[in-house]
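Here are a few short exercises on charged side chains. Have a look at the model, try each task, then read the solution below it.

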Amino acid sequence: MRMTAGQIPLPGPFRPRRLRTTPAMRRLVAETRLDAGSLILPMFIKEGLSTPKPIGSMPGVVQHTEASLARAVREAAQAGVGGVMLFGVPAIRDAVGTQADAPDGILQRAIAIAREASASEGGPGPLVMADTCLDEFTDHGHCGVLTGDGRVDNDATLARYVSMAVAQARAGAEVVGPSGMMDGQVAAIRSGLDAAGFADVVILAYAAKYASAYFGPFREAVDSTLKGDRRTYQMDPANGREALREVDLDLAEGADIVMVKPAGPYLDVVAAVAARSDVPVAAYQVSGEYALIEAAAANGWIDRKAAILEAVLGIKRAGADIILTYWAKEIAAWLT
């Protein structure tokens with residue numbers, strides 16, 4: 001380090017700022033890059049709607065009709081988004097979520113609509129993915145079948161998940177996403193899909209899904225009937241090493257992709273899973289993360305576009321190969 005006349009040390013040849021001088025230079029040396037093909041757009045379709053219904057806690061997100069879902073999938077295809085993750089909101093719910101695996105159920109209809117819309121734009125189109133969980137379909141709002149004393153019956157729930165996954169595959173789902181955090185769910189679904197002739201259907205395992213306060217707006221999005229919480233099956237936010245155990249189990253059971261949910265508050269977990277996993281790693285930027293940025297931007301407290309890109313880039317930098325975000329289509333447009 002050379003010295004000035006006043007003996008103030010100067011950096012000499014060591015000037016990292018050289019690589020930050022212009023937008024072109026910063027783009028050239030960027031270590032982490034976003035691309036539309038690695039973004040997944042979660043979408044909600046509600047039975048019985050005549051027009052799309054805005055979700056108050058998630059500005060810009062709606063519960064779709066069948067017609068508006070088709071348009072939105074075509075728009076996602078045109079933007080180059082890598083996939084759409086579908087959540088169904090049925091008109092009728094019961095204790096075991098009968099509509100979850102009904103051949104003509106709202107989610108199965110949505111899958112078929114999305115497949116057709118994706119293919120209609122030419123090119124590969126977004127992959128059609130389906131949430132494989134019972135919470136939207138049960139009258140009690142839990143992710144599984146309940147015992148007489150109100151506990152979630154893990155093994156009885158597995159049978160429902162297998163039936164649901166097979167129904168989704170028959171409807172055209174290319175990826176199923178078991179999100180209920182039941183023990184053994186990946187192995188059960190893999191076995192069921194293979195036995196039904198769907199060996200090529202991918203399992204995106206919600207391997208480390210936390211019992212998070214950030215899920216709040218999602219409850220509105222699916223008209224949740226849940227009373228209480230899901231802490232007996234979703235993970236404790238205090239635990240990090242446990243996430244790696246869950247990932248290891250899902251990998252051993254045949255998961256094709258493993259996911260951490262939520263993403264932003266759990267970047268340490270995303271990084272640890274990325275270091276551990278030999279399959280692609282996904283992260284879900286959930287409804288609460290979306291709502292926080294939208295609310296702050298609406299109040300003029302932050303730069304909306306810059307905050308969105310920084311938040312998603314942080315998830316990518318932590319090690320996520322795939323990101324589920326409600327801004328997927330918008331971000332894809334910014335990247336072109």
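**Exercise 1: a pair between two helices**

Glu294 is buried, with a relative accessible area of 10%. Keep in mind that this is a predicted model.

Task: Work out which side chain meets Glu294 in a salt bridge, and where the two partners lie.

Solution:
- Start with the partner: Glu294 and Arg304 form a salt bridge, at 2.9 Å from N to O.
- Next, place them: Glu294 is in helix H9 (residues 287–298) and Arg304 is in helix H10 (residues 304–318), so the pair ties together parts that are ten residues apart in sequence.
- Finally, check the cover: Arg304 has 25% relative accessibility and counts as partly exposed.

**Exercise 2: Arg160 and Asp101**

Task: Decide whether Arg160 and Asp101 are buried or exposed, and say what their salt bridge ties together.

Solution:
- The closest N and O atoms of Arg160 and Asp101 are 2.7 Å apart.
- Arg160 sits in helix H4 (residues 154–171), while Asp101 sits in the loop between strand E4 (83–89) and helix H3 (106–120), so the link joins parts 59 residues apart in sequence.
- Buried means under 20% relative accessible area. Arg160 has 15%, so Arg160 is buried. Asp101 has 17%, so Asp101 is buried too.

**Exercise 3: a positive patch**

Task: Find which residues gather in a patch of positive charge on the surface.

Solution:
- The patch is made up of Arg15, Arg17, Arg18 and Arg20.
- Take Arg18: this residue lies in the segment before helix H1 (23–29).
- With a relative accessible area of 45%, Arg18 is partly exposed.

Terms used. Residues are numbered from 1 along each chain as its sequence is written. This is a predicted model: local features need pLDDT of at least 70, side-chain atom pairs count only at pLDDT 80 or more; totals for chains, interfaces and linings use all residues. Side-chain values use heavy atoms; hydrogens and water are left out. Patches are made of residues with over 30% relative accessible area and no salt bridge: like charges are joined within 9 Å, nonpolar side chains (Val, Leu, Ile, Met, Phe, Trp, Tyr) within 5 Å. Accessible areas come from the Shrake-Rupley method with a 1.4 Å probe; for residues, only the protein chains shown count as cover. A salt bridge is a side-chain nitrogen of Lys or Arg within 4 Å of a carboxyl oxygen of Asp or Glu. Lys and Arg count as positive and Asp and Glu as negative; His and the chain ends are not counted. The place of a charge is taken as NZ of Lys, CZ of Arg, CG of Asp or CD of Glu. Helices (H or I, at least four residues) and strands (E, at least two) are DSSP runs, numbered from the N terminus. Buried means under 20% relative accessible area, exposed over 50%, partly exposed in between (1.4 Å probe, protein chains only).
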